[in-house]
Amino acid sequence: MRSISWRLLNGALLAILPLPFLLIAAISVSPDRFMAFPPSGFSLTWYYELVSNSEWTIPIAVSAMIAAGTAVLSTAIAICAVLATDGLGPRLRALIDMAVFAPLIFPHAAVGIAMLGFLLTLHVRGTMVGILLVHIILCVPFAYRPISVSIQNIDSSLAEASMSLGADSRTTFWRVILPLMKPGIVTALIFTFILSFDEATVTLFLISPDVITLPVRVFSRVRDAADPVVPAISTLLVFITLMLVIVVERTVGLQLFVNPKKE
């Protein structure tokens with residue numbers, strides 16, 4: 001009896017979780033000029049404005065370019081960091097892991113202020129280069145984790161077999177190790193792209209009138225207006241993110257974020 005009640009409670013909680021997203025999706029197809037539920041009809045007006053108005057297309061392009069650069073560079077940095085720490089002692093490796101995950105420990109507001117001072121020192125505040133640099137710092141931990149797990153799952157005897165057959169260390173890395181790291185690399189690329197594209201809290205400290213990302217534009221729009229274009233953006237972002245997560249799950253699996261070793 002207790003087990004059935006527990007399952008019903010869990011089922012109810014899981015059913016409640018997607019309700020806000022369903023509500024926003026319903027409002028996004030409203031023809032009304034203000035957000036209201038239930039909508040008075042069905043219209044794709046706000047989705048058309050999203051793809052035709054430069055107020056939105058430019059921030060979307062800026063966010064996409066920064067996210068793509070962040071995904072590639074943070075993944076490359078994470079690969080180098082994982083390879084550099086592979087084989088180190090547990091204490092030294094724990095210290096390096098702590099340094100890599102440090103950006104996740106501090107509050108985002110504090111990180112934003114620190115990064116603002118950092119970019120002012122480099123004279124790149126309010127530029128795409130500055131925002132890209134900060135997003136890389138924020139996303140490297142999320143790339144480091146799956147790549148670290150993937151390399152831990154590689155059977156060391158495969159590399160030994162490659163070298164015993166005459167391959168040098170460079171050939172072994174490119175022909176054996178790197179292909180086996182592919183699940184971690186794909187996971188890192190997709191998740192860092194999502195995180196960078198959606199990042200708003202720290203980016204608020206770094207923007208300028210000439211360089212604004214989509215999440216920051218959404219935040220500004222919510223303060224100034226209450227039309228359904230913001231729910232349309234939210235629905236689109238949720239849909240794209242969900243599709244990317246499904247791609248990761250279907251291709252390499254999400255276990256790289258939770259399982260340190262293969263069973």
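Which residues in α4 meet which residues in α11? In this predicted model, Glu55, Trp56, Pro59, Ile60 and Ser63 form the α4 side of the contact, and Leu214, Pro215, Arg217, Val218 and Arg221 form the α11 side. By class, the residues of this contact comprise six nonpolar, one polar and three charged. Two packed helices are described by the angle between their axes and the distance between the axes. For helix α4 (residues 54-85) and helix α11 (residues 214-224), the axes come within 8 Å of each other and cross at roughly 145 degrees.

Aromatic contacts were examined next. The structure contains three aromatic pairs, and two of them are described here. A pair of aromatic rings is described by the distance of the centres and the angle of the planes. For Phe101 and Tyr144, the ring centres are 5.9 Å apart and the planes stand at 85 degrees; since planes over 60 degrees apart count as edge-to-face, this pair is assigned to that class. Phe101 belongs to helix α5 (residues 90-105) and Tyr144 to helix α7 (residues 128-152), so the pair ties together parts of the chain that are 43 residues apart in sequence. The two partners fall into separate accessibility classes: Phe101 is partly exposed, at 25% relative accessibility, whereas Tyr144 has a relative accessible area of 2% and is therefore buried.

Phe193 and Phe197 form a stacked aromatic pair, with 5.9 Å from centre to centre and 20 degrees between the planes. Both residues lie in helix α10 (residues 182-198), and because they are four residues apart, about one helical turn separates them. Phe193 has a relative accessible area of 26% and is thus partly exposed. Phe197, with a value of 12%, is buried, as the cut-off for this class is under 20%.

The loop between α10 and α11 includes Val202. The relative accessible area of Val202 is 0%, and this residue is therefore buried. Leaving aside residues up to four places away in sequence, Val202 touches His108, Val111, Gly112, Val134 and Leu138. One of these partners, His108, is 94 residues from Val202 in sequence, yet the C-alpha atoms of the two residues are 5.9 Å apart in space.

Note on methods: Residues numbered from 1 in each chain as written. Predicted model: local features only at pLDDT ≥ 70, side-chain atom pairs only at ≥ 80, totals over all residues. Heavy atoms only, no water. Axes fitted to C-alpha atoms, helices over the stretch in contact; angles between N-to-C directions. Helix = DSSP H or I, 4+ residues; strand = E, 2+ residues; numbered from the N terminus. Contact = heavy atoms within 4.5 Å. Nonpolar A, V, L, I, M, F, W, Y, C, P; charged D, E, K, R; others polar. Phe/Tyr/Trp six-rings, centres within 6.5 Å; stacked < 30°, edge-to-face > 60°. Buried < 20%, exposed > 50% of the residue type's maximum accessible area, 1.4 Å probe, protein only.
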